[in-house]
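Reader: I'm new to this one and would like some help reading it. Could you take me through it feature by feature?

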Number of protein chains: 2
Amino acid sequence: MNVDTALDIQKTAHVLKLLGDKTRLTMMKLLQSHDCCVCEFTALFAMSQPAISQHLRKMKDAGIVQETRRGQWIFYSMNPDSEYAALIEDLLQHLPDQHERFVELEAQGLRISCE
Amino acid sequence: MNVDTALDIQKTAHVLKLLGDKTRLTMMKLLQSHDCCVCEFTALFAMSQPAISQHLRKMKDAGIVQETRRGQWIFYSMNPDSEYAALIEDLLQHLPDQHERFVELEAQGLRISCE
DNA sequence: TTTTTATATAAGCATATAGTTATATAATGA
DNA sequence: TCATTATATAACTATATGCTTATATAAAAA
């Protein structure tokens, strides 16, 4: 790896620690296919809404996700401008597609609640 | 990613959590270039020998490193047979080369102590 | 304006983590 | 055999983490 583009080890360790959580790693994999609002995540994980918000907050603080308000909802997406974007894409490629989970969500009518 | 080769998210999160520590991540980057014994790591990090052993133990338990005894010393290396080997190689490529640290070690005469 | 819905923050708690020091084990060499 | 060197394990401690419930904020709808 070129020195110019190499990442700082300490900061990278911090990002990997964030991704080293089942919930956050799954969130990132979901975000790889499309943006998601908090209520969708809350429906996808057996976990309280504050827990979801706190996970998103940590990833936002690290600059790896970004938020966009759309009316009542706040949508999260991967931040393509993060210096970790390439690394994250590389590692997410090793993980199974999570599209099925959205299908289930839609079947439950929970997907639409945020559109 | 092909379903056949995709990794389990939960287990991957565990591996990423292990790499989400500055010391362990640096260790893996060092191991990417060559094997290392405990005493070399101990010289490289401002940290006690038990701390080093405990970090290595965790990575060995996860199957991402392996140990080989060579007489008095135990050398650690990346485990190429781990199902996470490819993922780990991918992410280590984003990190700066650590060769310089071995040069310093050698200059201090600490490198030879394990050969 | 009041109520509802979506999200964030605060406070608290149980568990996990990363280090320490002390000690055990195992191989080497005198 | 005994001392030395390399490594591992045990016990402990301080801090970090991930959740919970309660509450605050902000936009939309009535």
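Reader: Let's start with the two protein chains. By what turn and what shift along the axis can chain A be laid on chain B?

Author: The general idea first: two copies of a chain are related by a rotation about an axis and a shift along it. In this predicted model, a turn of 180 degrees and a shift of 0.0 Å along the axis lay chain A on chain B with an RMSD of 0.0 Å. The two copies are therefore related as by a two-fold rotation axis.

Reader: Which residue of chain A comes closest to that rotation axis?

Author: That's Lys17(A), whose C-alpha is 2.5 Å from the axis. Both copies use the same surface, too: 100% of the contact residues of chain A recur in chain B.

Reader: Okay, on to the interface. How much area do chain A and chain B bury between them?

Author: The size of an interface is often given as the accessible area lost when the parts come together. Here chain A and chain B bury about 2300 Å², with 73% of it on carbon and sulfur atoms. On the chain A side, Ile9(A), Leu16(A) and His94(A) lose the most area to chain B, and together they make up 29% of what that side buries. As for contacts, 25 residues of chain A touch 25 residues of chain B.

Reader: How many salt bridges and polar contacts are there between the chains?

Author: Side chains of opposite charge can pair when their charged atoms come close. Between chain A and chain B, though, the salt bridge count is 0, while 4 residue pairs are in polar contact. Looking at the side of chain A that touches chain B, α1, α2 and α5 each supply at least two residues. The largest share, 7 residues, comes from α1(A). By class, that side has 13 nonpolar, 8 polar and 4 charged residues.

Reader: So where should I look for a salt bridge, and which residue does Asp35(A) pair with?

Author: Search the whole structure and you find 6 salt bridges over all chains. In one of them, Asp35(A) pairs with Arg70(A), the closest N and O atoms being 3.2 Å apart. This pair links distant parts of the chain: Asp35(A) sits in the loop between α2 and β1 of chain A, and Arg70(A) in strand β2, 35 residues apart.

Reader: Now the DNA. Which residues come nearest to DNA strand C?

Author: There are 27 residues around DNA strand C, and Cys39(A), Tyr76(A), Arg24(B), Ser48(B) and His55(B) come nearest. Of the strand's atoms within 4 Å of the protein, 71% belong to sugar and phosphate. For a backbone example, take Ser53(A): an N or O atom in its side chain is 2.8 Å from a phosphate oxygen of strand C. For a base, try Gln54(B), where a side-chain N or O atom is 3.2 Å from a base oxygen of strand C.

Reader: And DNA strand D: what share of its atoms within 4 Å of the protein do sugar and phosphate account for?

Author: For DNA strand D, that share is 66%. The residues that come nearest to strand D are Ser48(A), His55(A), Cys39(B), Gln49(B) and Tyr76(B). A polar backbone atom of Cys39(B) is 2.7 Å from a phosphate oxygen of strand D. Gln49(B) has a side-chain N or O atom 2.7 Å from a base nitrogen of strand D.

Reader: Which elements supply the surface near strand D?

Author: Both chains chip in: α2 and α4 of chain A, together with α3, α4 and β3 of chain B, each supply at least two residues. By class, this surface has 10 nonpolar, 10 polar and 7 charged residues.

Methods
Residues are numbered from 1 along each chain as its sequence is written. Chains are lettered from A and ligands numbered from 1 in the order in which they are written. This is a predicted model: local features need pLDDT of at least 70, side-chain atom pairs count only at pLDDT 80 or more; totals for chains, interfaces and linings use all residues. Side-chain values use heavy atoms; hydrogens and water are left out. Copies are superposed by least squares on the C-alpha atoms of residues with pLDDT of at least 70 in both. Contact means heavy atoms within 4.5 Å. Buried area is the accessible area (1.4 Å probe) that two parts lose on being put together, summed over both. A salt bridge is a side-chain nitrogen of Lys or Arg within 4 Å of a carboxyl oxygen of Asp or Glu. A polar contact is a pair of N or O atoms within 3.5 Å; within protein, one must be able to donate a hydrogen and the other to accept it, and residues adjacent in sequence count only if both atoms are side-chain atoms. Helices (H or I, at least four residues) and strands (E, at least two) are DSSP runs, numbered from the N terminus. Ala, Val, Leu, Ile, Met, Phe, Trp, Tyr, Cys and Pro count as nonpolar, Asp, Glu, Lys and Arg as charged, and the others, Gly among them, as polar. A residue is near a molecule or strand if one of its heavy atoms lies within 4 Å of it.
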